[in-house]
Amino acid sequence: MIRFLARRLAQSVPLLFLISVLLFALLHAVPGGPLTAYLENPNVRPEDIARLRTALGLDRPLGAQYLSWLLAFVRGDWGYSIADGRPVLERLVERIPATLELVGVSSLLAFCIALPIGVLSAVHRGLDRVTSVAAIAGISLPVFWFGLLLQLVFANRLGWLPSSGRASFDGGDSLDIAAHLVLPVTVLALVEAAAWSRYLRRAMREVLARPFIRAAHARGVPERDVLVRHALPNALGSFVTVVLLDAAMLVSGAVVTESVFAWPGVGSLFTEALAKRDYPVLMAFLMVGAVSVIALNLVADVVMRAIDPRLREAA
Amino acid sequence: MSGSLLARAPRGAALFLAGLLLAAALAPVLAPYAADALDLANRRGAPGAAHWFGTDELGRDVLTRVLFGARVSLAIGLLSALVSVAIGVAIGAVAGYAGRWVDDVLMRITDAMLSVPRLPLLMLAAAVTQPGVPMLIVLVAICGWMETARVVRAEVRTLASRDFVSAARAIGAGPVRVIVRHLLPGIIPAASVATTLAIGRGILLESTLSFFGVGVQPPTPSWGNMLYQAQTTMSTAPWLAIAPGVFIFATVLACNAVGDVLGATPAARSAA
């Protein structure tokens with residue numbers, strides 16, 4: 001297991017290297033490079049920009065710049081936000097709890113929705129027709145538009161729920177915090193549940209076609225037990241893998257949902273930074289996003305090996 | 001009853017897409033008003049007989065803008081899908097057929113691209129390059145070829161070990177000929193499913209980018225930037241957000257429904 005883990009970790013190093021080159025190239029493709037924000041500012045004189053260019057080493061060859069950027073990044077020195085001058089790392093870290101709250105609650109809800117739908121639609125043809133249409137509709141939904149509609153109906157028109165933010169201005173009690181969660185969680189959970197129920201349905205179908213299921217039927221195991229005790233545990237493994245592999249989709253969903261509902265998480269930090277062309281923050285967000293996705297893929301591999309002995313023998 | 005209705009849904013989806021394409025192509029003829037006709041006396045007018053979907057903040061007819069926006073949104077969806085599937089097929093076929101280090105390098109690049117969250121990456125790329133419509137198509141395509149590449153690679157690897165491929169090689173066919181004449185026909189089912197799904201994804205991505213102000217720039221109408229302009233007046237003029245959103249949703253839904261049916265056909269299932 002340790003050797004496997006070490007090998008997989010070693011494999012993700014070149015991956016991260018590739019991603020960092022890609023992102024660095026993108027950042028420097030900006031006309032004016034990372035100093036664009038100052039170029040458009042009438043209060044910054046051209047000679048100041050020239051001085052900054054030398055001070056920040058932007059006149060050095062690209063390769064050298066990349067190396068020093070990479071070294072600084074690995075050490076946790078992610079530069080300063082153009083918008084407010086604070087360290088990028090600090091700005092990112094303070095937004096993480098809100099994002100974890102939103103993503104955690106909605107993923108839990110999505111799992112509770114996707115589990116019964118995925119299992120039952122794998123066996124009931126009639127139900128499958130309905131849930132398939134619902135799931136495809138959920139996947140096709142423009143997330144930002146769905147969020148806007150919910151805001152319009154439940155916050156503006158009916159006035160039942162707050163339209164944005166994480167809590168009322170005065171802090172708010174737990175009921176207030178829960179009320180702020182309802183709309184963004186609904187949006188994110190629905191999008192996740194739509195995709196996840198499809199994954200689970202497919203995983204269940206694959207398992208249900210295997211001989212050991214027929215054997216269980218032949219032994220007279222009740223249908224319900226075949227589903228829950230024989231098929232589901234075998235399907236969950238590949239389901240969890242696909243869900244974790246799909247983490248990049250979750251990041252995209254969180255960015256949109258947080259922005260629409262002004263949820264003070266990492267995702268809305270990204271769109272705020274985008275509006276201000278705050279490149280150090282954007283860059284750090286994408287690096288952190290990529291690292292998390294790679295880490296989750298690694299977790300998926302490890303979990304699969306832990307629960308499925310066949311994979312250990314095959315390796 | 002509901003079963004038979006649902007069974008007919010994919011055909012309805014295909015018809016809807018065909019009708020929409022026609023309507024977009026004929027937009028200058030069909031649209032009740034000129035594309036940029038202003039009616040400043042009638043700004044943010046509610047839907048009615050004269051303006052079925054209402055008017056926007058400059059008094060422009062929303063139905064007209066939805067029709068002209070369809071040209072932009074559909075063009076981005078269709079063309080980005082074709083480009084991304086072409087890239088995916090090329091990379092997947094080369095990786096699957098060449099094997100060894102070529103395969104390793106190409107698949108690591110694919111993994112790297114898949115690890116970066118697609119939408120934020122696109123947003124950053126769009127903010128940096130400030131693309132026009134053609135560049136936007138290229139950007140969306142560059143961020144969308146990876147799934148196709150993986151499917152095609154797997155497919156090509158299975159096909160490449162079959163006897164007819166060995167036979168082709170034995171009579172002296174080179175790698176290009178083997179890939180183009182013998183392997184590519186086998187991946188058409190998988191590629192057509194990928195294309196349909198990519199159209200829907202492209203339309204969603206365009207609308208999301210434009211909604212955040214980094215996609216199609218006004219005055220060119222797209223469904224996404226209509227929503228971008230509508231969000232500030234959501235509570236006073238919600239119809240500005242309803243029409244373009246419904247069209248995005250319906251179009252993406254139709255693409256995904258058609259893709260789902262294609263994906264369930266025997267040819268595609270054997271490919272999956």
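**A walk from A:Asp128 to the contact of chains A and B**

Let me begin with a single residue, A:Asp128, which counts as partly exposed because it has 18 C-beta neighbours inside 10 Å, where 20 or more would have made a residue buried and 12 or fewer exposed. I should say at once that what you have in front of you is a predicted model, and I will keep to what was computed from it.

As for where this residue sits, A:Asp128 belongs to helix H6 of chain A. If you look for A:Arg201, you will find that, although the two positions lie 73 residues apart in terms of distance along the chain, the C-alpha atoms of A:Asp128 and A:Arg201 are 9.1 Å apart.

Helix H6, spanning 125-140, also brings us to the partner chain, so let me turn to the contact itself, to which chain A gives 39 residues and chain B gives 41 residues. On the side of chain A that touches chain B, at least two residues come from each of helix H1 (2-28), helix H6 (125-140), helix H7 (143-157), helix H11 (247-260), helix H12 (266-275) and helix H13 (279-307). Sorted by character, that side of chain A holds 30 nonpolar residues, together with seven polar and two charged ones.

Finally, a few words on chain B, in which there are 14 helices and zero strands. Of the 272 residues in chain B, 49% are buried. And how much of the contacts in chain B with a separation of 6 or more comes from residues 24 or more positions apart? Such pairs account for 70% of those contacts.

How values were computed
Residues are numbered from 1 along each chain as its sequence is written. Chains are lettered from A and ligands numbered from 1 in the order in which they are written. This is a predicted model: local features need pLDDT of at least 70, side-chain atom pairs count only at pLDDT 80 or more; totals for chains, interfaces and linings use all residues. Two residues are in contact if their C-beta atoms, placed from the backbone, lie within 7 Å. Helices (H or I, at least four residues) and strands (E, at least two) are DSSP runs, numbered from the N terminus. Ala, Val, Leu, Ile, Met, Phe, Trp, Tyr, Cys and Pro count as nonpolar, Asp, Glu, Lys and Arg as charged, and the others, Gly among them, as polar.
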